[in-house]
Amino acid sequence: MSKWNLSASSHKLSGEGELRAHENRTVQFQMINGQLVGNARSSNAGLSARIFNKGAWGFASVPEISAAAADRVLKQASTNAMTLSKHVALFDRPMALANARGSKDYSTKNRKLSSQEIIEFMNNLDAKIQAKYPDLKSRTLMVYEQDFEKEVLTTGGALCYSMLARSYVRVFMSLDSENGPVDVQQIFGGIGQIEDNLPSEQEVERKLEEAYGHLRNKAKGVAAQAGMREVILDSKLAGILAHEAIGHTTEADLVMGGSVAGDYLGQQVASPLVTLVDFAHTALNKACPLPVFFDDEGIEAQDTVIIENGVLKNYMHSRESAARFGHKATGHARAWGFNDEPLIRMRNTAILPGQDRLEDMIASIDDGYYLLDHGNGQADSTSEFMFGVTLGYEIKKGKLGRALLDTTISGVAFDMLKTVTQVSNEMTWVSSGTCGKKQPMTVGMGGPAIKAQVNLGGR
Amino acid sequence: MQDLNRVAEQALSSLKKSGAGKAHVEVGFREVHELNVEAGRFTLLRTTVDQGVSMRAITEQKQASLSGNQFDDAVISALAEQTVATAKAGAPDEAFDIAPLQGPKKFRSGPEEANLDLMTERAEEFLNETKIRFPKIILEAVTIQFIKRHRVIANSNGVHFETNQNDFEYSAMFTAKDGKKTSSFNYTGSSTTDFSIPMMKAAGMETLLEQSSAQVNSRSLDGKFVGDVIITPHCLPTFIGGLTGHLHVGSLLKGQSVYQDKLNQQIAAPNFCLRAKPLDERFSLPRYVTGDGHMSENIDIVQNGVLKTFMLDQYGANKLKKTRAKADDSHHVIDPGDQSFKDMVRSVKRGLLFCRFSNGSPAANGDVSGVAKNSFYIENGEIRFPVSECMVSGNIPQMFMNIRAISKETLSFGTSELPWMHVGDVTVSGK
């Protein structure tokens, strides 16, 4: 439920534009080898207005949420739009009516935990890890939460309130090896506040045992052989591929900026086995990891099919870009902070699962790699991508071999996706990453395992 | 605008009243005027105002940091109470501390007010010149800002600094297109106090636009070879970060730094000097005060290849019982060398002009790999053609040991100044 009552300012809005009250809050704790080194909270709140005038936008924001602040930002945003409109070509094609209404609140229903209780949880977890895995070189624990509380009011009649929260426990473990320290991480959590996402003892035990097993293997790991190789990208890598390599190239602002996807609409860009969707809030009858019901322009969020059976079908749009392309706006414009303007952003982007069993896919490779986890990733206007690979194994004659040291993979996505020959029948999502594009943004990424050809870095 | 000194005083006194043994506060105000260009046309003019107060309290050697952007008296008092309560919930560490008595001192840099006419003029001039001289270029995103900053830093030891620092900052991101042929995107930018130099003439903009125009015809390389790379000033920050990242408390505390025991030892070729120069008068935005509240000084990080300091703040220095760095890890300057860029290219038998690196996070031992973006193949001393789908692998600490030459020429980005660096024995692999 909104605490700001923005609707009281609706009579002040005219023309084409929006008002947004917005508060971001963070909680963050960090512990290295049992020592608490980070203990921080922050809150940042304010009000913004954005006004469109003859082809130009004006934006203004102040760190205050009040009726007087609404007057100030609306006046400044109008002045800015008018000033800039003298330097742009007239654009008066109608934009989609921004009239979504609704309220979504992911605040915890559980009792709020104190800092002391969270630190106790971390102390206990660290002590257990130290006792169970005494050979670790270092242990780093992070517990953090990000809350994004917003209310958007538009001239089209939209009034949308949301309190989206996500929180995670991250555990990094490292071991010494002949190649220097190697590390792995395990992440627990997702949508909701810390109180909803602290993992149970059983979950911690199971997942850390799995991560420690990978770490021991990695300590004896080998460098990947550089060059083009046949690989299985497990679901986390398929997810980042969907987001970085394809998703970004099909954001309409990047299409207008020269992205190669601008030439491919309606064309076969991937194997017919590949269907890729940017989901709004529900995927395959389940809630998405970071559901978005309406965007910061007041548009109801709807799924956008980017690639269907290998054919490029749609771009992602803001209201303005949709009007320029003559396409439908499906709610992709989101802003990170109160003083940020909405940009075209992905929500929950995934390659859909296929028919193959992962075991059969591994068995089908004579000499290649099974890549399980990624670090950072970057995309390009050419759809050339690069992902850090932090966990992987050799595949020799259909069986998993030695673990890999950290490496990277790259390829041109619209070429690489044509080499996909198998898609597994199960998919998973991740949601802890933050996408960067002028502003940061929360995003979900998902996918099955896929078999394809990629270029590996390495020795 | 609120009186920041009054807010800082109130924050300090509220922290003490709430039971903080030691207290550090920073109060800031920031106003940004920002002109945006997308796909070659003006799209948005923004005026944003923000403020913030961050409080750090140490009580019973336990510490917490909280921040907010509301300055009402009641909010400041509540934030102070919460900061102390959060600190009390923490764990004690003898290394937590605040800066000793310094100041009071005021610093000022840059122009007083935004000049929107000048910003628009510079933007239009850049858009027009790009359109005429580089017709294949699409200016995907251009941002031109005037940023006004006012900051007060104070602590319970009597530290009091006040800074007023304004500057213009700009960046351009672009792609070239020729029919269906598309280049990789590239970008550059700088900051300036007077905006007297056109955007086209600063931060290597002209060169990058020319390079991107050529990169619509990039080719992949066959196979793999070990060769040389000439790392451009635009690409160098990735590698500087790969070096200095090992000098920070996080890496040292985990025992994972490759430079753990290398102070005063050779970690790079003897022609390599890396400095942090927060007070360099050539820079548009000096950093007068470090993040933990000490007066900054210009420092040598690596002198003639020898590591001269770890980049430790007060906490890191106390924790590891080492010396605190008298500057933050920013405002980097690499001393120019004695070879011209042209001679550097002539000396490469086989390798790359390495212009941008899309790389994975380096492994703990410094191994790194990634895609050489916007780069050119060099053979027998000549730049031959732009490359695509080309990967580079190496070990960052080893690359600094393998520096063959550093260029006479340098590029300034407003808060850093960097040369071209010729490095040997790097693995380059094509398709």
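Guide: A salt bridge is a side-chain nitrogen of Lys or Arg within 4 Å of a carboxyl oxygen of Asp or Glu. Keep that in mind for this predicted model.

Visitor: How many salt bridges does the rule find across the interface of chain B and chain A?

Guide: One of the pairs between the chains is A:E384 with B:K373. Their closest N and O atoms are 3.1 Å apart, and the cut-off is 4 Å. Across the interface of chain B and chain A, the count of salt bridges is 7.

Visitor: Which strand of chain B gives the most to the side that touches chain A?

Guide: On that side, 76 residues of chain B are in contact with 78 residues of chain A. One strand, residues 41-59, gives the most, with 11 residues. That strand of chain B is β2.

Visitor: What area do chain B and chain A bury between them?

Guide: Carbon and sulfur atoms carry 49% of the buried area. On the chain B side, B:L45, B:K254 and B:M391 supply 10% of what that chain buries, more than any other three residues. Between them, the two chains bury about 5800 Å².

Visitor: Where do the buried residues of α2(A) lie around the helix?

Guide: Helix α2 of chain A has 18 residues, 115-132. Its buried residues include A:I118, A:F121, A:M122 and A:L125. Seen down the axis, the buried residues fall within an arc of 150°, so they line one face of the helix.

Visitor: Is A:S271 buried or exposed?

Guide: A:S271 sits in the loop between α6 and β9 of chain A. Its relative accessibility is 6%, and the cut-off for buried is under 20%. Therefore A:S271 counts as buried.

Visitor: Which residue's backbone oxygen does the side chain of A:S271 reach?

Guide: Beyond its neighbours within four places in sequence, A:S271 is in contact with A:N309, A:G310, A:L417, A:K418 and A:V420. One of these offers its backbone oxygen at 3.2 Å from the side chain. The residue is A:V420.

Visitor: How many residues apart are A:R229 and A:D367?

Guide: A:R229 and A:D367 form a salt bridge, with closest N and O atoms 3.3 Å apart. A:R229 is in strand β8 of chain A and A:D367 in strand β17, so the pair links distant parts of the chain. A:R229 is buried at 15% relative accessible area, whereas A:D367 is partly exposed at 37%. Along the chain, they are 138 residues apart.

Visitor: Which residue forms a salt bridge with B:R149?

Guide: B:R149 is in strand β5 of chain B, and its partner is in strand β6, 20 residues apart. The closest N and O atoms are 2.8 Å apart. B:R149 is buried at 18% relative accessible area; the partner counts as partly exposed at 22%. That partner is B:E169.

Visitor: What is the distance between the closest N and O atoms of B:E113 and B:K148?

Guide: B:E113 lies in the loop between β4 and α3 of chain B, and B:K148 in strand β5. B:E113 is partly exposed at 48% relative accessible area. B:K148 counts as partly exposed too, at 21%. The closest N and O atoms of this salt bridge are apart by 2.9 Å.

How values were computed
Residues numbered from 1 in each chain as written. Chains lettered and ligands numbered in written order. Predicted model: local features only at pLDDT ≥ 70, side-chain atom pairs only at ≥ 80, totals over all residues. Heavy atoms only, no water. Helix = DSSP H or I, 4+ residues; strand = E, 2+ residues; numbered from the N terminus. Expected span 1.5 Å × (residues − 1). Buried < 20%, exposed > 50% of the residue type's maximum accessible area, 1.4 Å probe, protein only. Arc of directions from axis to C-beta. Contact = heavy atoms within 4.5 Å. Buried area = accessible area lost by both parts, 1.4 Å probe. Polar contact = N/O pair within 3.5 Å; in protein donor to acceptor, adjacent residues only side chain to side chain.
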